[in-house]
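Hi,

Here is the structure I said I'd pass on. Have a look at it first, and my notes follow underneath.

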Amino acid sequence: MRRLISTVTLLFAALAVALQAQIVNPIVWNITSELTSATEGVIRFNATVEPGWHLYGTTLPDGGPRATSVTYSRLEGVELVGALEPSQAPVEKVDMVFHLKLNWWESDVTLTQHFRLTGDKGYLIEGNISFQGCNDGSCIPPAKEPFEFASEGFNAGTSTADTTVASPSVTAPAKPTPAADEAEWWAPADFSRFTDADSQNIAQSSLWYIFIWGFIGGLVALLTPCVWPMIPLTVSFFLKKNTSRAKSIGDALTYGAGIIVIYLALGLAITLIFGASKLNDLATNAVFNLAFFLLLLVFAISFFGAFDIKLPSRWSNGVDSKAERTTGLISIFFMAFTLVLVSFSCTGPIIGTLLVEAASMGDITGPAIGMGAFALALAIPFTLFAIFPSWLKEMPRSGGWLNSVKVVLGFLELALSLKFLSVADLAYGWGVLDREVFVSLWVVIFILLGMYLLGKLRFSHDTPTEHVPILRFFMALISLSFAVYLIPGLWGAPLKSVSAFVPPLYTQDFNLYAGGEFREFDDYDAGMRYAAETGRPVIIDFSGHGCVNCRKMEGAVFDTEEISTIIRENFVLIKLMVDDKQSLPEVITVEENGRNVRLESIGDKWSYLQRSKFAANSQPYYVMLDNAGRPLAAPYYYDENVARFGKWLENGIKEYVGTHN
């Protein structure tokens, strides 16, 4: 019963979306017909266009929006004369959305079609006019307006033979739209007939990815000037407080566990403050990303030596004195807390970047795994040095090398800061940081980093070096080689190894790369309608501007010749950005989990579709559907294995052919 109620609720919610979306109607038709003489007449298609919107013309190039056209299903007792005649010529402009030269009407227009009577038994005219309208921010889905005219006393039985005639401006669909109600496209999908072996475990792939990067972040933080000097201080603290070897080891293990607990609590607190369901939205929020871009920029400038960022000394001194005065577990906790406070100026940017990356999972699991891995990597060395204090003699002392590490981190933070600026730029469509601008900045940054490592670039607080150590030489070689690798990206090379960070290829103004080209729909209903007309299955790509794994899948899988050919020749691809911040023409209110939810942006709408129809909220997320909205295979998650993805596509094609024959 509960399942039935849930299903009915989702169906009504989907219907509510469809009904409210129809409220936006910027183009209204008034279609009339009259006889102008005893043997001739006209049909007038009068379009009222709202200010700010435009109606597309009758002739448009391929790959763009739907042209205005008339299809006649019945013409009895008449024949058409000439083509559609507009009351005014359309304007011609280059549309920056479709990157095509298009024509449209920006105000009310009347299209006139002349006809001639072919008999004296009356006439019947029946058909529909297809059209699409857009404004500067959004488009309405392609729509049809039906019409029917019959002369008084018309009798089909005594009329001329039925004919189906198309005027010179008519375009007929390749296949008729299926009879199934389009509301079924939004109905919950049933994957129960597919086995678990047909899919992948997104938790396994994404969580391991976050764990590995969290652990690497902890190791990097260990080498920062804020953390490294804390190792001998904390070991000395434990040696002074313990008398037995066993107790010393126990306290060291407790200290390491304390570091993990504090950092883990920090990550979970941030998650709970903002809410698990809002993490993905936060990761693409313009204010948040701009703030984080500025934060990393300030930290980078600080690491270059312009100024020092430190927490108030009384905070760390107060906590440290508490650790000295107390005993037992409390003193160990205060010592761990001292480490967290003192290291904040170096670990803060790493933690923030990690949490933003983990936020793409959309729940509390990602931040918990990421922060746990970060804390584990940071705690292990402290614990081991506390257990084996003699190792301290082998450690290099603080000095110029730590300052060099700090400057290198400054370059890396400067490069990473552009990622956050890019996410905000993509989500809101500003067009400030296109792909070639982003790549150009990275090329310059990594060339400068290579020059610094070779000693050709120095800051005021750097220690002069008479020779270049072997390690610095190889690091410089890697940095300069990476800069050279990036250069072809200025002309559209895919740069697959960094596709997770650089903006997508469609933001490239000048692109010599021809791989992975196929038509994409960014509207679910429009794409499903086109697929039904052309008789093709559908791939839905739930993606996001801030989704790192989505960019990696596009570069490593979709841009390959093998996969792009399969998609281009067999499928209709619908890419839905769940973090698109563009406002809907009108707010849609739906019921979800017993409460009313307002869908205010395009991303809200596609995120709701993913949750309500597929019971998922992570990206990337791929599903194949037939023309009635039913799944053709289990969903596919992040997996860069081209052969496996190709097999998944082939299974979907076989399922579609088998059910439609």
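In α14, the buried residues are Tyr524, Asp525, Ala526, Gly527, Met528, Arg529, Ala531, Ala532 and Glu533. That makes 9 of the 11 residues in this helix, which spans 524–534, so "mostly covered" is a fair label given that buried means under 20% relative accessible area. Do keep in mind that this is a predicted model.

What does the covering? Among the elements over the buried residues of α14 are the strands β11 (143–150), β12 (520–521), β13 (538–543), β14 (572–577) and β17 (621–625), along with the helix α17 (602–614).

The two ends of α14 are worth a look too. At the N-terminal end, Asp523 acts as the cap, with a side-chain oxygen 3.1 Å from the backbone nitrogen of Asp525. Just after the helix, Gly535 has a positive phi of about 70 degrees.

Now back to β11, one of the strands covering α14. β11 belongs to an open sheet of 3 strands, ordered β4-β9-β11, with antiparallel pairing. β4 (69–76) and β11 are the edge strands and have a single partner strand each, so one side of each has no neighbour in the sheet. From one strand to the next, the twist averages 15 degrees.

If you want to check the pairing by eye, try β9 (residues 124–131) against β11: these two run antiparallel and are joined by 8 bridges. Which residue of β11 is the bridge partner of Asn128? That one is Pro146.

Cheers

Conventions:
Residues are numbered from 1 along each chain as its sequence is written. This is a predicted model: local features need pLDDT of at least 70, side-chain atom pairs count only at pLDDT 80 or more; totals for chains, interfaces and linings use all residues. Side-chain values use heavy atoms; hydrogens and water are left out. Buried means under 20% relative accessible area, exposed over 50%, partly exposed in between (1.4 Å probe, protein chains only). Helices (H or I, at least four residues) and strands (E, at least two) are DSSP runs, numbered from the N terminus. Contact means heavy atoms within 4.5 Å. A polar contact is a pair of N or O atoms within 3.5 Å; within protein, one must be able to donate a hydrogen and the other to accept it, and residues adjacent in sequence count only if both atoms are side-chain atoms. Two strands pair if DSSP finds at least two bridges between them. Axes are lines fitted to C-alpha atoms, for helices over the stretch in contact, and angles run from 0 to 180 degrees between N-to-C directions.
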